[in-house]
Amino acid sequence: MLDIYILDMLALGLLLLSVTVFSGWIKRLPLSYALIYLAVGVLIGPYGLKLVLVRPDANFLERLTELVVIISLFSGGIKMNRPLKFWAWQTTARLIGFLMPISIVGIAIVGKLFLGLDWGAAILLGAILAPTDPVLASEVQLSHVEDKDELRFGLTSEGGLNDALAFPFVYFGLYALKDSNVNNWIYDWLLIDLIWAIAAGIGMGIVVASAIVWVEKQLHRVRPVDELMHDFIALSIILLAYSLTEVINGYGFVAVFVAGMTVRRSYSRDSERTESQLRLTERVEKLLEVGTILLLGSLLRIEPSLRFAGDTLIVAGFLLLIIRPLGTWISTIGSNFHTSKRLLMGWFGIRGVGSVYYLTYAMGKGLEGETGEKIAWIVFLTLVISVILHGISATPLMNWYESRLQKRRVILKGDRP
């Protein structure tokens, strides 16, 4: 009898080969890669071929998703091709400053009124589900470092920053879950978990990335780095920025996103260098994404899925069909966005790996028991619903959007004298 490990390697090899050689056809279908990985994960799980029978603990999932997210955040930071001027970041400011709080509060209210959660657990659920995903949303995000499209820029910067800035609200929910008397912990939360941790993340992201780039440039003058190894500098920046920031109790997610932005600005005269580092990090991210989504698909279980299906449909329905679209519309009032862009931005609030990370992190910090199980399955099943709905709709909707842009360009060129 063949070893299950060997069969797992065979299945993974066949999956990678298939999505690679058929990628030209897959890109034209109303399917995302994440949806394919999820389906294969279910197929190789206990209800299919039984190739993956283990159930990894929360700590393993936390570390795996943490690694995927920090690499994705760095890639998103490198793509931030705007000057550090307020006018250039208005869309991002609206989505982070208005939409994310609206999403957290909206989900919390749904959790309190419809699911019977106490306010601490409801706020925690909102904080876990509010961030959009920087990992699974490649179809709707910036495709390269020179992409200037405002819709893609808004979704990319939102996915990077709200995945990083959700942490204070996760802590808020954890504090409230343990102690309903806000006065006992609100000042610590404000000073340490909000102000200090965000400031430390921004500062360390700039300092670490700038220092590494400076050292690399100085050494390059003496003896150039081996071309084969050169892009690994990006991975070293990710790991060092994240770990050093966490050492001083800052938000490492913020640090790696800022580090990506800093690297782009540091290599502003060498776009090929930036593009090369982006290609490497995106390839590593895609490999990790395959393993993560396959694993999540194999973890689906019928009994708890049916038990929490009603609660999940309530949360996912409100989040994807009401809270996100309405919150986006409110957040973009007064902007120059056309109706189509506002509608697309409201729909593409893709949930994914970032939410799994925050869930497993919260489980390691005291989220447990019946409440923990309920929140865990609601988050997991909402992710599955998002992967299915957004995976099916992303390609046709973005093709429609691109065709509209192309028609407008043709019309504008035709109007020129």
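Guide: Contact here means heavy atoms within 4.5 Å. The model is predicted.

Visitor: Which residues of α4 and α7 meet by that rule?

Guide: From α4 come V69, L73 and G76. They meet T156, G159, G160 and D163 in α7.

Visitor: What makes the residues of this contact nonpolar, polar or charged?

Guide: The contact divides into 2 nonpolar, 4 polar and 1 charged. Val and Leu count as nonpolar, Asp as charged, and Gly as polar.

Visitor: Why are α4 and α7 called oblique?

Guide: Helix α4 spans residues 58-78, and helix α7 spans residues 150-165. They pack at an angle of about 135 degrees. Roughly perpendicular covers 65 to 115, and roughly antiparallel needs over 145. The angle fits neither class, so α4 and α7 are oblique to each other.

Visitor: How far apart are the axes, and what is the hand of the crossing?

Guide: The axes of α4 and α7 lie 9 Å apart. Their crossing is left-handed.

Visitor: Where else does α4 appear?

Guide: Helix α4 helps line the second largest pocket. So do α1 (4-21), α3 (33-43) and α13 (271-298), and each of the four supplies at least two residues. The largest share, 8 residues, comes from α1.

Visitor: What is the volume of the second largest pocket, and which residues are closest to its centre?

Guide: The volume is about 550 Å³. Of the 25 lining residues, D8, I44, V52, G291 and L294 are closest to the centre.

Visitor: How does that lining divide by class?

Guide: The lining has 22 nonpolar, 2 polar and 1 charged residues.

Methods. Residues numbered from 1 in each chain as written. Predicted model: local features only at pLDDT ≥ 70, side-chain atom pairs only at ≥ 80, totals over all residues. Heavy atoms only, no water. Axes fitted to C-alpha atoms, helices over the stretch in contact; angles between N-to-C directions. Parallel < 35°, antiparallel > 145°, perpendicular 65-115°, else oblique. Left-handed = near helix turned anticlockwise from the far one by under 90°. 1 Å grid on protein atoms, 1.4 Å probe; cavity = no way out; pocket = protein on both sides within 12 Å on 5 of 7 lines; lining within 4 Å. Points joined across faces, edges and corners; volume = space filled by probe spheres on them.
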